[in-house]
Amino acid sequence: MKYPNQSVKPISTKINNKGNLEISKVDLVDLAKKYKTPLYVIDKPTLEKMAKDYIDAFSRYKNTKILFASKALMTGAVAKVLSSLGLGFDVVSLGEMYTLINAGIDLKKSSFNGNNKSIEEIEFALDKEIDHFSVDNFFELKQLNEAALRKNKIQKIHIRITPNIECHTHDYIKTGQTDSKFGFPIEKINDVVDLILNQYKNLNLVGLHAHIGSQIFETQPYYDLVGVLLGEIKKIKDKYNYELSEINIGGGLGITYSENDNPPSVYDIASVVIQSIEDNTKKFDLKKPILYIEPGRSLVCSAGFTLYTIGSTKKIEGIRKYITVDGGMADNPRPSMYQALYCAQVANKKENNKKEIVTVAGKFCESGDILIKDIELDNPQTGDILCVFDTGAYCYSMSSNYNNILKPAMVMIEEGKDKLIVRRQTLEQLVQNDIVN
Ligand SMILES: Cc1ncc(COP(=O)(O)O)c(C=O)c1O
């Protein structure tokens with residue numbers, strides 16, 4: 001059985017009797033006509049399935065808290081779906097916190113991450129009683145302690161460390177030295193704990209946090225990470241007679257962007273993590289900690305897809321054929337930023353039509369604005385609707401107004417119904433901050 005993070009398409013994707021792509025009983029060609037393109041779409045059942053899989057997979061370890069890494073996709077409606085299932089949020093900015101509050105979601109289950117939190121952000125999070133901060137560096141420790149003191153609060157914190165494990169997709173290295181802008185080098189933990197216990201009386205240190213990378217296709221790094229975090233907790237316990245009770249293992253579980261990707265499921269990750277907690281708490285003679293995980297991509301990615309209309313086409317004899325869509329690198333910067341691969345399908349054509357290998361280009365003024373290189377599509381023509389899958393994570397959240405092109409709308413679909421959840425940007429909004437005279 002494939003879980004959503006192991007599948008390119010949302011769970012109920014099919015071709016309907018009109019020959020069109022259909023997801024959750026919604027005809028995607030009708031949807032494109034109704035809302036225009038480009039259009040981000042979120043399939044609610046796939047989103048809920050992934051969140052429920054996370055909850056179910058980790059339910060064997062009762063002390064698990066799941067935080068959605070907001071950076072992957074932060075809109076009020078998506079946050080409400082996840083919050084209603086009991087998830088909290090990993091936030092990194094005032095804007096992410098504000099979006100949650102605006103959606104009626106408090107911060108009491110959330111964690112504040114980031115390597116350069118401003119005073120305004122720190123104070124906002126304190127005022128809104130965020131569950132905890134993941135403190136990243138010495139500067140922040142001092143700033144946060146002072147802000148908490150001003151507000152007469154004792155703030156719960158984790159400290160973020162670089163655990164000397166680094167991985168992206170298949171590259172998995174235990175690094176000898178730490179070179180990351182995030183977190184305290186593991187060798188500095190004693191200095192940090194000294195400061196907190198002896199000087200920063202408005203901070204309540206309860207846990208350790210680490211995030212080892214993204215698009216991780218192996219389970220072993222998670223096993224090792226839990227071992228590193230619990231090993232450090234043991235050292236702190238021995239030295240200070242002070243036992244930390246929480247660990248946060250970050251996010252990073254990989255997803256299937258193309259048929260060659262073969263990530264583990266959330267159940268595979270959960271059993272390895274839980275096993276490592278069992279083994280390492282025994283080994284180090286520690287109490288079982290509260291476990292935080294903060295997945296982003298794997299929770300939302302395959303729930304999302306983008307609909308485009310094909311415009312101009314250009315055939316360079318003997319080289320390639322370009323088809324150009326009405327969006328591109330501003331609504332999905334991932335291919336131009338790091339050669340990310342995507343799958344797509346013409347939404348208004350039956351499969352097994354006349355196949356053609358084409359390159360899907362965006363409309364932005366950069367030669368690098370190529371969404372998909374050399375993909376086989378069903379006879380793509382001007383006016384056709386192209387569905388690019390797996391755009392739920394890091395597309396809307398990384399989108400820009402490059403070339404002053406308006407940001408797309410977003411729609412959530414379920415059971416034959418569609419609901420606008422982010423309005424299409426307007427020209428008035430585009431220039432609203434311009435001061436002309
Ligand atoms: C601290 C932290 N937690 C969680 C995540 C989410 O990672 P992913 O989307 O790969 O699950 C990130 C991503 O950069 C991160 O930096």
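How many of the residues of strand E4 are buried? In this predicted model, local features need pLDDT of at least 70 and side-chain atom pairs count only at pLDDT 80 or more, while totals for chains, interfaces and linings use all residues. Residues are numbered from 1 along each chain as its sequence is written.

## Strand E4

E4 is mostly covered, with 5 of its 5 residues buried. Helices (H or I, at least four residues) and strands (E, at least two) are DSSP runs, numbered from the N terminus. A residue is buried if 20 or more other C-beta atoms lie within 10 Å of its own, exposed if 12 or fewer, and partly exposed in between, the C-beta atoms being placed from the backbone.

In a regular strand the side chains alternate between the two faces of the sheet. Leu39, Val41 and Asp43 point one way from E4, Tyr40 and Ile42 point the other way, and all are buried.

Pairing of two strands requires that DSSP finds at least two bridges between them. E4 is joined by 4 bridges to strand E16 (residues 304–316), and the two run antiparallel. Within E16, Leu307 is the bridge partner of Leu39. With E22, E4 pairs in the parallel sense over 5 bridges, and Met412 in E22 stands opposite Ile42.

The loop between helix H1 (28–35) and strand E4 (39–43) contains Pro38. The peptide bond from Thr37 to Pro38 is cis, with omega near -5 degrees.

## Domains and their contact

The domain assignment of the protein chain gives domain 1 (4–43 + 301–431) and domain 2 (44–300); such bounds come from an automatic or database domain assignment. The C-alpha centres of domain 1 and domain 2 lie 32 Å apart. Their contact takes 31 residues from domain 1 and 25 residues from domain 2, where two residues are in contact if their C-beta atoms, placed from the backbone, lie within 7 Å.

On the side of domain 1 that touches domain 2, the elements giving two or more residues are E4, strand E22 (409–414) and strand E23 (417–422). E22 provides the largest share of that side, 4 residues. The residues of this side of domain 1 divide into 19 nonpolar, 9 polar and 3 charged. Here Ala, Val, Leu, Ile, Met, Phe, Trp, Tyr, Cys and Pro count as nonpolar, Asp, Glu, Lys and Arg as charged, and the others, Gly among them, as polar.

## Nonpolar core

A nonpolar core is a set of buried Ala, Val, Leu, Ile, Met, Phe, Trp, Tyr and Cys residues joined through C-beta atoms within 7 Å. The largest such core has 119 residues, and those with the most contacts inside it are Leu28, Leu307, Ala344, Val360, Leu386 and Cys387. Helix H8 (residues 220–240) gives the most to this core, with 8 residues. The core draws at least three residues from each of domain 1 (4–43 + 301–431) and domain 2 (44–300). Not counting residues up to four places away in sequence, Leu386 touches Tyr308, Ile310, Val325, Ala344, Val346, Ala347, Val360 and Pro380.

## Ligand shell

Which residues come nearest to the ligand? Of the 16 residues around the ligand, these are Ala69, Ser214, Gly251, Gly296 and Arg297; a residue is near a molecule if its C-beta atom, placed from the backbone, lies within 6 Å of it. The shell divides into 4 nonpolar, 8 polar and 4 charged residues.

## Backbone exceptions and Arg334

Most residues other than glycine have a negative phi, and most peptide bonds are trans. Two asparagines with a positive phi are tabulated below with their loops.

| Residue | Phi | Loop | C-beta neighbours within 10 Å |
|---|---|---|---|
| Asn152 | about 55 degrees | between helix H6 (138–150) and strand E9 (155–162) | 7, exposed |
| Asn164 | about 65 degrees | between E9 and strand E10 (166–168) | 19, partly exposed |

Arg334 is placed in helix H11 (residues 334–338). This arginine, Arg334, counts as partly exposed because 19 C-beta neighbours lie inside 10 Å. Leaving aside its neighbours within four places in sequence, Arg334 is in contact with Ala340, Tyr394 and Cys395. The C-alpha atoms of Arg334 and Ser399 are separated by 9.7 Å, although the two are 65 residues apart along the chain.
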